[in-house]
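Subject: Structure handover

Dear colleague,

Please find below the structure we spoke about, with the sequence alongside. My notes on it follow.

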Amino acid sequence: EWRYACEGEQHFKYPWGDVFVPGHANIFGNKYDGYVRTSPVGNYPDGASPFGAMDMAGNVWEWTVSEGHLQFLRGGSWVNGHTLGQCNKRTNTQDKHSYVKGNTLGFRCAR
């Protein structure tokens with residue numbers, strides 16, 4: 001469901017299309033947007049998914065459905081480059097990389 005909400009029926013690479021556009025998401029620290037860490041929610045309207053979901057790439061890794069003992073994270077965070085902000089990328093909470101910790105994790109409330 002998360003991936004579908006991100007890429008839409010078009011199967012976009014990023015929520016907004018197939019090409020990374022600086023300034024469409026809080027990615028790579030303050031390299032593109034001036035925010036050192038997290039940014040206010042909804043701050044990137046041009047980065048909305050085809051369904052209008054905001055902040056699906058960057059800002060914080062989002063917890064998604066678990067498979068077995070693994071809990072998956074999607075969307076990348078403010079500390080990551082644009083590759084991990086792609087709709088089809090994911091990691092899990094057991095990953096030992098330093099980019100999966102502390103203020104890089106979050107969740108999405110959906111109804």
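Is G23 buried, partly exposed or exposed, by its relative accessible area? Keep in mind that this is a predicted model. G23 has a relative accessible area of 34%, and because the class of partly exposed runs between 20% and 50%, G23 falls in it. The residue sits in the loop between α1 (2–7) and β1. Apart from neighbours within four places in sequence, G23 makes contact with Y32 and Y44. Its C-alpha lies 9.9 Å from that of P45, with 22 residues separating G23 and P45 in sequence.

Overall form

The protein contains one helix and four strands, and from the N terminus on these elements come in the order α-β-β-β-β. For 111 residues, a compact globule would have a radius of gyration near 13 Å, and the 13 Å of the protein agrees with that. The C-alpha trace extends about 35 × 30 × 25 Å along its principal axes. Of the 111 residues, 41% count as buried. If one takes the contacts between residues at least 6 apart in sequence, 50% of them connect residues at least 24 apart.

The sheet

The four strands make an open sheet with mixed pairing, in the order β3-β2-β1-β4. The edges are taken by β3 (90–92) and β4; each has a single partner strand, so one side of each has no neighbour in the sheet.

Two of the pairings can be described through β1. Strand β1 (residues 61–67) runs antiparallel to strand β2 (residues 70–74), with four bridges between them. In this pair, S66 has Q71 of β2 as its bridge partner. The two strands form a hairpin with two residues between them, and G68 in the turn has a positive phi of about 65°.

With strand β4 (residues 105–106), β1 pairs in the parallel sense, over two bridges. Here W61 is the bridge partner of L105 in β4, and E62 stands opposite G106 in β4.

As a general reminder for viewing the sheet, side chains in a regular strand alternate between its two faces.

Two residues with positive phi

Which residues of the loop between α1 and β1 have a positive phi although they are not glycines? D55, in that loop, is one of them, with a phi of about 60°. N59 is also placed in the loop between α1 and β1, and N59 has a positive phi of about 70° without being a glycine. D55 is buried because its relative accessible area of 11% is under 20%. N59, at 8% relative accessibility, counts as buried too.

The cavity

Rolling a probe the size of a water molecule over the atoms shows where empty space is left. How many cavities of 30 Å³ or more are there? The count comes to one. The largest cavity holds about 30 Å³ of space. Its lining consists of H24, A25, Y44, G47, A48, D55, M56 and A57. By class, the lining divides into five nonpolar residues, two polar and one charged.

Two residues of this lining have already come up. Y44 lines the largest cavity and is also in contact with G23. D55 belongs to the lining as well, and is the buried residue with a positive phi of about 60°.

Regards

Notes
Residues are numbered from 1 along each chain as its sequence is written. This is a predicted model: local features need pLDDT of at least 70, side-chain atom pairs count only at pLDDT 80 or more; totals for chains, interfaces and linings use all residues. Side-chain values use heavy atoms; hydrogens and water are left out. On a 1 Å grid over the protein atoms alone, a cavity is a set of points where a 1.4 Å probe fits but cannot get out, and a pocket is an open set with protein on both sides within 12 Å along at least five of seven lines; lining residues have an atom within 4 Å of a point. Grid points are joined across faces, edges and corners, and a volume is the space filled by probe spheres set on the points. Ala, Val, Leu, Ile, Met, Phe, Trp, Tyr, Cys and Pro count as nonpolar, Asp, Glu, Lys and Arg as charged, and the others, Gly among them, as polar. Two strands pair if DSSP finds at least two bridges between them. The radius of gyration is taken over C-alpha atoms; the globule rule is 2.2 Å times the number of residues to the power 0.38. Buried means under 20% relative accessible area, exposed over 50%, partly exposed in between (1.4 Å probe, protein chains only). Contact means heavy atoms within 4.5 Å.
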